[in-house]
Amino acid sequence: MVDPIREQWEANSQAFAELIGGEGTPHHRSILNPCIEGLLGDVQGKKLLDAGCGEGYLSRFYATKGAYVTGVDISPKLIETCRSLHDQENLEIDFSPGSICDLSEFSDCSFDVVLCNLVLLNTPCLDEAMKEFHRVLSPGGMLVFSIVHPAYDFYGPGSWEMGEKDPTTNRRKGLFFKVDHYFDEKEYQKYWKTRDGEKFPHPISFFHRTLATYLNSVGNTGLVVTRIEEPKPSGDDDFFDRENRIPFFLVVKAEKAL
Ligand SMILES: C[S@@+](CC[C@H](N)C(=O)[O-])C[C@H]1O[C@@H](n2cnc3c(N)ncnc32)[C@H](O)[C@@H]1O
């Protein structure tokens, strides 16, 4: 059976890899990456699963920090991109196509760290993925995942009321954020744009869920949430006026008991 999510990312693989550009968008670099690095701490010698690795920029980054990295992604084309980019950097990483909803190719307790950056909001199988993360983690291991903040879900029921374009940042001013139907958990489809403003070839599915649904899904596995972050942009760049007023991302750290 054709998996529609896989088809979306296959169709968008090139556009997505170009958008990430080897190191992430300004949102990744200024908001998410420093937060994730702080939560993961020292990864030297740790076995790290990059669950939904995309074009692999986090896999490459944590391999340079001494982790033994395995990257899994549902899109075989993105896995090919991962392989070609990591060949260029000469790093030891295993990349394999697969779904985070079924990690049966990995045995129980085979990772110290599971990192799942901006993937769960694109997958219908939240509970299955959480169970798999718990299963493949070693006792004492940690899960760090990020999502677009469910309470201000720009890819779901929320949106900014926009003002004029600010000529210095080239972004439209956010007047206020509006959200409604927060409790309606459903799929939204949106097109992303390339850095040149072209539409991606295929719309992307975003599964809006409440904050309680995410946190209860973690707790139901037995993982214990030990930290929640709503990271702000580093520095005071006017470009991030909106993200300095309302959190764009939510990052959660959870741990498996010893
Ligand atoms: C927004 S991208 C994030 C990629 C990467 N983690 C990053 O930070 O650049 C979402 C990724 O999730 C992958 N994906 C979606 N559903 C998946 C699933 N069930 N299993 C594995 N990967 C999945 C997509 O192919 C895509 O690469």
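**Reading strand β5, the ligand shell and Ser96**

Author: Strand β5, residues 137-148, is mostly covered, with 10 of its 12 residues buried. Keep in mind that this is a predicted model.

Reader: Let's stay with that strand. Which strand runs parallel to β5, and how many bridges join the two?

Author: To read a pairing, look at the partner, the direction and the bridges. Here the parallel partner is β4, residues 111-117, and 6 bridges join β4 to β5. For one specific pair, take Phe111: its bridge partner in β5 is Leu137.

Reader: What unit do β4, helix α5 and β5 make?

Author: Follow the chain from strand to helix to strand, then check the hand. β4, α5 (residues 126-136) and β5 form a β-α-β unit, and it is right-handed.

Reader: And β11? Does it run parallel or antiparallel to β5?

Author: Antiparallel. Strand β11 covers residues 249-255, and 7 bridges join it to β5. One place to look is Val144, which stands opposite Lys253 of β11.

Reader: Now the ligand. Which of the 21 residues around the ligand come nearest?

Author: Start with the shell, then pick out the nearest members. Those are Gly52, Asp73, Ile100, Asn117 and Thr123.

Reader: Which helix gives the most residues to that shell?

Author: Helix α1, residues 4-20, with 4 residues.

Reader: How many residues of each class does the shell have?

Author: Sort by class before you look at single contacts. The shell has 13 nonpolar residues, 7 polar ones and 1 charged one.

Reader: Next, polar atoms. How far is a backbone N or O atom of Gly52 from a nitrogen atom of the ligand?

Author: Read each contact as an atom pair plus a distance. For Gly52, a backbone N or O atom lies 2.7 Å from a ligand nitrogen atom. For Ile74, a polar backbone atom is 3.2 Å from a nitrogen atom of the ligand. Ser99 uses its side chain: a polar atom there lies 3.1 Å from a ligand nitrogen.

Reader: How much of the ligand's accessible area does the protein cover?

Author: Compare the ligand on its own with the ligand in place. Alone, the ligand has 590 Å² of accessible area, and the protein covers 98% of that.

Reader: Last residue: Ser96. Where does Ser96 lie?

Author: In strand β3, residues 93-97.

Reader: Why is Ser96 classed as buried?

Author: Take the relative accessible area and set it against the cut-off. Buried means under 20%. Ser96 has 15%, so it is buried.

Reader: How far apart are the C-alpha atoms of Ser96 and Phe177?

Author: Give both separations, along the chain and in space. The two residues are 81 residues apart along the chain, and their C-alpha atoms are separated by 39 Å.

How values were computed: Residues are numbered from 1 along each chain as its sequence is written. This is a predicted model: local features need pLDDT of at least 70, side-chain atom pairs count only at pLDDT 80 or more; totals for chains, interfaces and linings use all residues. Side-chain values use heavy atoms; hydrogens and water are left out. A residue is near a molecule or strand if one of its heavy atoms lies within 4 Å of it. A polar contact is a pair of N or O atoms within 3.5 Å; within protein, one must be able to donate a hydrogen and the other to accept it, and residues adjacent in sequence count only if both atoms are side-chain atoms. Accessible areas come from the Shrake-Rupley method with a 1.4 Å probe; for residues, only the protein chains shown count as cover. Ala, Val, Leu, Ile, Met, Phe, Trp, Tyr, Cys and Pro count as nonpolar, Asp, Glu, Lys and Arg as charged, and the others, Gly among them, as polar. Buried means under 20% relative accessible area, exposed over 50%, partly exposed in between (1.4 Å probe, protein chains only). Two strands pair if DSSP finds at least two bridges between them. A crossover is right-handed if, with the strands pointing away from the viewer, the path from the first strand over the helix to the second runs clockwise.
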